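Hi everyone, thanks for coming along. Today I'd like to walk you through one structure, side chain by side chain, so have the picture open in front of you.

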Amino acid sequence: MIVYDGEYSWKGNTTVKKRPISWWRSSYHLRVVDLSQGAPGVVFLKPHVVLFTDSGDGASVANCMPDLAKQICEDFNLDLNRVVWVEDHPEAKERFRIAVLKQVARLGGEAFYRVSWRPPGPREMDLIQTHCI
C-alpha cells in the first residue's frame, strides 16, 4: 500500500533547534510503501520501502542520506532500521541502488550513520518492481 507519493522538499535553513536535512534547499520525488498492508499475518523484517528520485532541484541525496532518512522516519513514523532505502535513477543503466545505513556513533541521544550503496538483490528488485514503480 502506498503511504505517500509526491514531492518531498526541505528549505535548507532552519529556525528550529534541529539540524536540517541539508543546508541547501532540495526536492525529491518520494514514494513510501507499506508492504505489510497487503499481507496480513505476514511479519516483514523491513515492512517499508522508501523510493526516492532526484527532481533536479537542489542537493544530492548522496550528500545527506542519513539526515534525510531520519527526517522521513520522523515524518512518516517509520523505524529507520526497518526500511529498504532505494534511490531511483530512471535513465541510468543501473537504475536502482540500495542505501545501507549503519549506526557508527551516538552522541547526546542522536545517532550518526555511515551510508554505503549497493545494487538491489533479486528479491529486492522484485519488491521494487511489484510495489514501487
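Let's begin with K70, which lies over the face of F112, 5.4 Å from the ring centre. Please keep in mind that what you're looking at is a predicted model.

Where does F112 sit? You'll find F112 in strand β6, which covers residues 110-118. With a relative accessible area of 31%, F112 is partly exposed. F112 also joins V104 and L107 in making a nonpolar surface patch of about 280 Å².

Now back to the lysine. K70 counts as partly exposed too, at 22% relative accessibility. Besides lying over the ring of F112, K70 forms a salt bridge with E110, and the closest N and O atoms there are 3.1 Å apart. E110 lies in strand β6 while K70 lies in helix α1, so this salt bridge ties together parts that are 40 residues apart in sequence. E110 is partly exposed, with a relative accessible area of 33%. And there's a third member to meet here: D67, K70 and E110 are linked in a network of salt bridges.

How many salt bridges are there in total? The count comes to six. Let me show you two others.

One is between E87 and R97, where the closest N and O atoms are 2.8 Å apart. Find E87 in strand β4, residues 83-88, and R97 in strand β5, residues 96-107; the two are 10 residues apart. Is E87 buried or exposed? E87 is buried, because its relative accessible area is 3% and the cut-off for buried is under 20%. R97, on the other hand, is partly exposed at 25%. R97 has another partner as well: R97 lies over the face of W117, 3.8 Å from the ring centre. So if you liked the lysine over a ring at the start, here is an arginine over a ring.

The other salt bridge I picked joins the side chains of R118 and E124, with 2.7 Å from N to O. R118 is partly exposed, with a relative accessible area of 33%. E124, at 19% relative accessibility, counts as buried, because buried means under 20%.

Next topic: aromatic rings. The structure holds three aromatic pairs. In one of them, the rings of Y4 and F76 have their centres 5.2 Å apart and their planes at 50 degrees, so we call this pair tilted. Y4 is in strand β1, residues 2-10, and F76 is in helix α1, residues 65-76, which puts them 72 residues apart along the chain. Y4 is partly exposed, with a relative accessible area of 25%, and F76 also counts as partly exposed, at 21%.

Another pair is Y28 with F52, and this one is edge-to-face: 6.3 Å centre to centre, with 70 degrees between the planes. This pair links distant parts of the chain, with Y28 in strand β2, residues 26-34, and F52 in strand β3, residues 48-57, 24 residues apart. Y28 counts as buried at 2% relative accessibility, and F52 counts as buried at 1%.

One more thing about the rings: which residues do ring pairs link into a cluster? They are Y4, Y8 and F76.

While we're at strand β3, have a look at T53, which is found there. T53 is buried, with a relative accessible area of 16%. If you leave aside neighbours within four places in sequence, T53 is in contact with Y28, H29, D88 and P90. You've already met Y28, as the ring partner of F52.

My last stop is C132, in helix α2, which spans residues 122-132. C132 is buried, with a relative accessible area of 1%. What does C132 touch, leaving aside its neighbours within four places in sequence? Its contacts are R31, V33, V49, L51 and L127. Take V49 from that list: C132 and V49 are 83 residues apart in sequence, and their C-alpha atoms are 7.8 Å apart in space.

To finish, please go back to the picture and find two spots for yourselves. Look for K70 over the face of F112, then for R97 over the face of W117. Thanks for listening!

Key:
Residues numbered from 1 in each chain as written. Predicted model: local features only at pLDDT ≥ 70, side-chain atom pairs only at ≥ 80, totals over all residues. Heavy atoms only, no water. Patch = residues over 30% accessible without salt bridge, like charges linked within 9 Å, V, L, I, M, F, W, Y side chains within 5 Å. Areas by Shrake-Rupley, 256 points an atom, 1.4 Å probe, with all protein chains shown as cover. Salt bridge = Lys/Arg side-chain N within 4 Å of Asp/Glu carboxyl O. Helix = DSSP H or I, 4+ residues; strand = E, 2+ residues; numbered from the N terminus. Buried < 20%, exposed > 50% of the residue type's maximum accessible area, 1.4 Å probe, protein only. Phe/Tyr/Trp six-rings, centres within 6.5 Å; stacked < 30°, edge-to-face > 60°. Lys NZ or Arg CZ within 6 Å of the ring centre and 35° of its normal. Contact = heavy atoms within 4.5 Å.
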